[in-house]
Amino acid sequence: MIERPEKILLLGDQAIALGAIDAGLSGVYAYPGTPSTEITEFIQENPLAKERNIFCKWCTNEKTAMEAALGMSYMGKRALVCMKHVGMNVAADAFVNSAITGVNGGLVVLAADDPSMHSSQNEQDSRFYGKFAMIPVLEPSSQQEAYDMIRYGFALSEKIKLPLLMRITTRMAHSRAVVKVIPANEIEEQNSINNNAVAANFILLPANARRRNDELVAQQPELERIAEESLFNKYVKGNEKAERGIVACGIAWNYLNEYLAPDSTTPRIKISQYPLPGKLIRDLASKCREILIIEEGQPFVEEQIRGILPSECKVSGKLDGVLPRTGELTPDAVAAALGVKREHPYKKPEVVVPRPPALCQGCGHRDVYTALNEILKEFPEAKVFGDIGCYTLGALPPFRAIDSCVDMGASITMAKGAADAGLFPAIAVIGDSTFTHSGMTGLLDAVNCNSPITVIISDNLTTAMTGGQDSAGTNKFEAICRGIGVHPEHLRVVVPLAKNMEEIKQILREEINYKGTSVIIPRRECIQTFNRKRRKEKKS
C-alpha cells in the first residue's frame, strides 16, 4: 500500500484530482485547457493512479471526453470529465443529454471558469449549464472542500443516478493550501464493472426521452432538499434583527471571512451546493431588510434570489453595481461592498510596466508568420483567420499577422464563409491540436464545396499553449487531410526554418493562387518541448 502524509500542500486542481483517486476513480477524460489542465496531469503522474491503471489519456476534444466518460459510467465505474469553461460549450450536447440518460457509475463533470479571461475568450459562468441540465452543482470554497467535495460528488451521483457538475474558478484552481487527506487504508476501491444500467434510459428515442425528462423534473424537489441539508451549505444565523444579511458562494465565502470576525453577528449563508437552497434564503430574508450576494462570475444566484424573494427585501450585488459585473471577484471588491476601507502599503513601482506575451524565440510559428506576411504583400485584400493556440500571439507585434480569433476551429470555417462572400484570398491558420479538436469538420465542408481557401496547419507536434500535452493528430495530418478529400497535389509539408524561407514563400504563393481547397503543413517541434527533452536526456 502506498504511504502518504496526513496533510499535503495542494493546488485546488490537485486536491480535486487526489480526491477523485481516493474516491475510487476509474477514468479521467479531458482536453487540456487553463485552468483545468493540472487535474488530469496530477492523475497521470500519481503513483496510485498508475498502480490502479486509471485511464488518463488526453481526448481529442471535450465532447469526446464527455461521451467516453458516460460510457465508463454506463459500465458501472466512476469517471471524471475535466475542461475549462468554454469546453462546456463543446461538450454541451452530450452533457445536457447525460442528465436525461442518467448514470450507472458515478460521473462528475469539472468545469474550471476563468473570470478576467486570463487565458480565455469570455467570462462564462458554468453554473448556468448545471441549472439548464437540472442537475446538482458543487462549488468548493477551499482546497480542503474541493478534496472532500469530489469524493462526496461521486457518492451522490450514484445515489441520485445523475451526473454532477463541479464548478471552480481560476483562483481556486491555481492557489495552494494544506489539505487533510483520508488515510491510505480508507481509499475506496474502484467499482466493479456491471450491467446495471437501464439500456432504455440511454436510448434517447422520443418515447424514452420524454419519460426520462418527466423523471428528471420530478427529481427537482429532492435535489433541492439535498442541497438544503448539505454540509457544504452553511447558515450562520447571527443577529435576528440585522439590517443586512449576506449570501456568499464558493470562493467568495473566503473573501467574506477576511473581513468578518469569527464571532460576527452578521447573518450569512454559504452556498456551495445547488440547486439554490430556497428555504435557507427565505429564512434569511425574513430577518433582514437587505441581502448582499457575493459570487464569482455572473449574477447567477442574485438573479434567482431576486425572483423568489418579496419585493420589499432589497437584493444587492452585481446587478446594482455594489460589486463589479466583470472580472475576477477580489478581496478588495468584497471589502468595498462591505464598506470596509482597505490600506495598500505596497504600491506597484512605476518602473513595472505590462509586458505582453510573445511567441518564443526559436518557435516555428514565427517563421510561418514571417513568410506569410512577406507573401501577403502581393495580396493586399487578403484576410487571415486565426484560431486558438499559442500561435494566436501572431496577432500582436511584431507580426500582426491574423485578422480573427473566435473559437476552437473557427479559422477554417470563417475562411470558407469569407470565400463564399467573395473574398480572395481567404487564409486559415490553425494549430495541430486545434485542428483535430474542431477543425476537421470545417475542412470537410471546404473540400465538399471546393472552396478557394488556403489552410495552414502549423504543426509543432504538441499541445503547446497548455504545457506540452500530447496532440491527438501527431504524425497523422497528411493521412487525415487526404481522407477528408484534400487533393494530394495541394497538400504540402514544409519545415519552418529561416533557411527554407524562399521555398515556403513559393509554396504559399502557389497554393493561395490555387482556386480550390489547399493545405500547407509547416512542421517543426515546439522549442519548449524540444528543450525539455534535451534537459531530460542530459539528466539521464
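Analyst: In this predicted model, two strands are said to pair if DSSP finds at least two bridges between them. With that in mind, we can look at strand 2.

User: Why are strand 2 and strand 3 called a pair?

Analyst: Strand 2 (residues 25–30) is joined to strand 3 (residues 78–84) by 5 bridges, and pairing asks for at least two, so the two strands qualify. They run parallel, and within this pairing Tyr 29 stands opposite Val 81 of strand 3.

User: What makes strand 2 "mostly covered"?

Analyst: A residue is buried when its relative accessible area is under 20%, and 6 of the 6 residues of strand 2 are buried, which is why the strand is described as mostly covered.

User: Which residues of helix 16 are buried, and what covers them?

Analyst: The buried residues of helix 16 (410–420) are Ala 410, Ser 411, Ile 412, Ala 415, Lys 416, Ala 418 and Ala 419. Because buried means under 20% relative accessible area, Lys 416 must lie under that cut-off too. Their cover includes strand 14 (383–385), strand 15, helix 17 and strand 16. After the helix comes Gly 422, with a positive phi near 110°.

User: Why is Met 134 called partly exposed?

Analyst: Its relative accessible area is 24%, a value that falls between the 20% limit for buried and the 50% limit for exposed, and therefore Met 134 counts as partly exposed. Met 134 lies in the loop between helix 6 (127–133) and strand 5 (137–138), and its phi is positive, about 65°, although it is not a glycine.

User: What makes Asn 450 partly exposed?

Analyst: Asn 450 has a relative accessible area of 42%, which is again between 20% and 50%, so the label is partly exposed. Asn 450, which is not a glycine either, has a positive phi of about 45° and belongs to the loop between helix 17 (432–448) and strand 16 (453–458).

User: What omega values go with the cis peptide bonds before Pro 275 and Pro 425?

Analyst: From Tyr 274 to Pro 275 the peptide bond is cis with omega near 15°, and from Phe 424 to Pro 425 it is cis with omega near -10°. Pro 275 sits in the loop between strand 11 (273–274) and helix 12 (278–285), whereas Pro 425 is in the loop between helix 16 and strand 15 (426–431).

User: Where does UniProt place the "Thiamine pyrophosphate enzyme TPP-binding" domain?

Analyst: The unreviewed UniProt entry places that domain at residues 387–520, where the chain is 37% helix and 14% strand and the end C-alpha atoms are 16 Å apart.

Technical notes:
Residues are numbered from 1 along each chain as its sequence is written. This is a predicted model: local features need pLDDT of at least 70, side-chain atom pairs count only at pLDDT 80 or more; totals for chains, interfaces and linings use all residues. Side-chain values use heavy atoms; hydrogens and water are left out. UniProt positions are given in the numbering used here, feature names are shortened, and annotations may be inferred rather than shown by experiment. Helices (H or I, at least four residues) and strands (E, at least two) are DSSP runs, numbered from the N terminus. Buried means under 20% relative accessible area, exposed over 50%, partly exposed in between (1.4 Å probe, protein chains only). Contact means heavy atoms within 4.5 Å.
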